[in-house]
Amino acid sequence: SALWAKLVFNAVGGAICSLTLKPLGAIAAPRIKQLVTDLIEEVVAVARAEGAIMSDNCAAETITYFQGPVRDHWTSIAQDRRAGRLMEWQARNAVVGRIARRHGIATPFNDAMTALLALVDDPAY
């Protein structure tokens with residue numbers, strides 16, 4: 001359960017921050033609240049399918065956390081992008097989608113983040 005809770009932070013925070021090149025506080029922006037909530041709920045659904053115990057209020061708790069003391073923190077994946085290094089999206093959003101498919105769970109938001117992060121990492125673009 002603790003590992004899945006960490007993956008919620010990493011998959012959501014890492015994807016949004018690296019794609020927007022903003023620190024964690026950006027995740028609490030009202031205009032993306034629904035997107036963030038949908039991303040979190042997908043990870044929570046997969047976590048529960050794997051047997052993890054997750055809070056029913058995980059999305060709200062996560063958004064509140066990102067508004068707090070970590071709001072100015074840059075995720076490692078966003079720092080990688082800023083430095084021109086390859087990012088770790090395979091161990092974050094891609095893994096959520098891969099495990100979800102084993103359980104027949106749709107993860108369109110995490111799959112979209114995976115596709116966008118892969119595109120950013122693609123040297124052909």
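Mentor: Start with Leu21. Leu21 is partly exposed, at a relative accessible area of 37%. Keep in mind that this is a predicted model.

Trainee: Okay. Where does Leu21 lie?

Mentor: In a loop. That loop runs between helix H1 (2–20) and helix H2 (33–49).

Trainee: And what is phi of Leu21 near?

Mentor: Phi of Leu21 is near 55°. That is a positive value, in a residue other than glycine.

Trainee: Let's zoom out. How many helices and strands does the chain have?

Mentor: There are 6 helices and 0 strands. Along the sequence, the pattern reads α-α-α-α-α-α.

Trainee: What about the radius of gyration, and what would a compact globule have?

Mentor: The chain has 14 Å. A compact globule with 125 residues would be near 14 Å, so the chain agrees with that value.

Trainee: What box do the C-alpha atoms fill?

Mentor: Roughly 35 × 35 × 25 Å, taken along the principal axes.

Trainee: What share of the residues is buried?

Mentor: Buried residues are 43% of the 125 in the chain.

Trainee: And the outside? What area does the chain expose?

Mentor: About 6700 Å². Carbon and sulfur atoms supply 57% of that area.

Trainee: Now contacts. Take those with a separation of 6 or more. What share comes from residues 24 or more positions apart?

Mentor: Those residues account for 70% of such contacts.

Trainee: Switching to charges. How many positive and negative side chains are there?

Mentor: The chain has 13 positive and 12 negative side chains. The centres of the two sets lie 5 Å apart.

Trainee: Why can side chains of opposite charge pair?

Mentor: They can pair when their charged atoms come close.

Trainee: So how many salt bridges does a search of the whole structure find?

Mentor: The search finds 5 salt bridges. Let's go through some. Arg102 forms one with Glu50, and their closest N and O atoms are 3.0 Å apart.

Trainee: Which parts of the chain does that pair link?

Mentor: Distant parts, 52 residues apart. Arg102 is in helix H5 (residues 93–102). Glu50 sits in the loop between H2 and helix H3 (58–67).

Trainee: Is Arg102 buried or exposed?

Mentor: Arg102 counts as exposed because its relative accessibility is 58%, and the cut-off for exposed is over 50%. Glu50 is at 35%, so Glu50 counts as partly exposed.

Trainee: Next one. Which residue forms a salt bridge with Asp80?

Mentor: Arg85 does. The closest N and O atoms of Asp80 and Arg85 are 3.0 Å apart.

Trainee: Why does Asp80 count as buried?

Mentor: Asp80 counts as buried because its relative accessibility is 12%. Buried means under 20%. Its partner Arg85 is at 46%, which counts as partly exposed.

Trainee: Any other pair to look at?

Mentor: Try Arg92 and Glu88. Their side chains meet in a salt bridge, 3.1 Å from N to O.

Trainee: Is Arg92 buried or exposed?

Mentor: Arg92 has 7% relative accessibility, so Arg92 counts as buried. Glu88 is partly exposed, with a relative accessible area of 38%.

Trainee: Last topic. Which helix is Ala45 found in?

Mentor: Helix H2. Ala45 counts as partly exposed, at 33% relative accessibility.

Trainee: And what separates the C-alpha atoms of Ala45 and Pro23?

Mentor: A distance of 26 Å. Along the chain, Ala45 and Pro23 are 22 residues apart.

Notes: Residues are numbered from 1 along each chain as its sequence is written. This is a predicted model: local features need pLDDT of at least 70, side-chain atom pairs count only at pLDDT 80 or more; totals for chains, interfaces and linings use all residues. Side-chain values use heavy atoms; hydrogens and water are left out. Helices (H or I, at least four residues) and strands (E, at least two) are DSSP runs, numbered from the N terminus. Buried means under 20% relative accessible area, exposed over 50%, partly exposed in between (1.4 Å probe, protein chains only). The radius of gyration is taken over C-alpha atoms; the globule rule is 2.2 Å times the number of residues to the power 0.38. Contact means heavy atoms within 4.5 Å. Accessible areas come from the Shrake-Rupley method with a 1.4 Å probe; for residues, only the protein chains shown count as cover. Lys and Arg count as positive and Asp and Glu as negative; His and the chain ends are not counted. The place of a charge is taken as NZ of Lys, CZ of Arg, CG of Asp or CD of Glu. A salt bridge is a side-chain nitrogen of Lys or Arg within 4 Å of a carboxyl oxygen of Asp or Glu.
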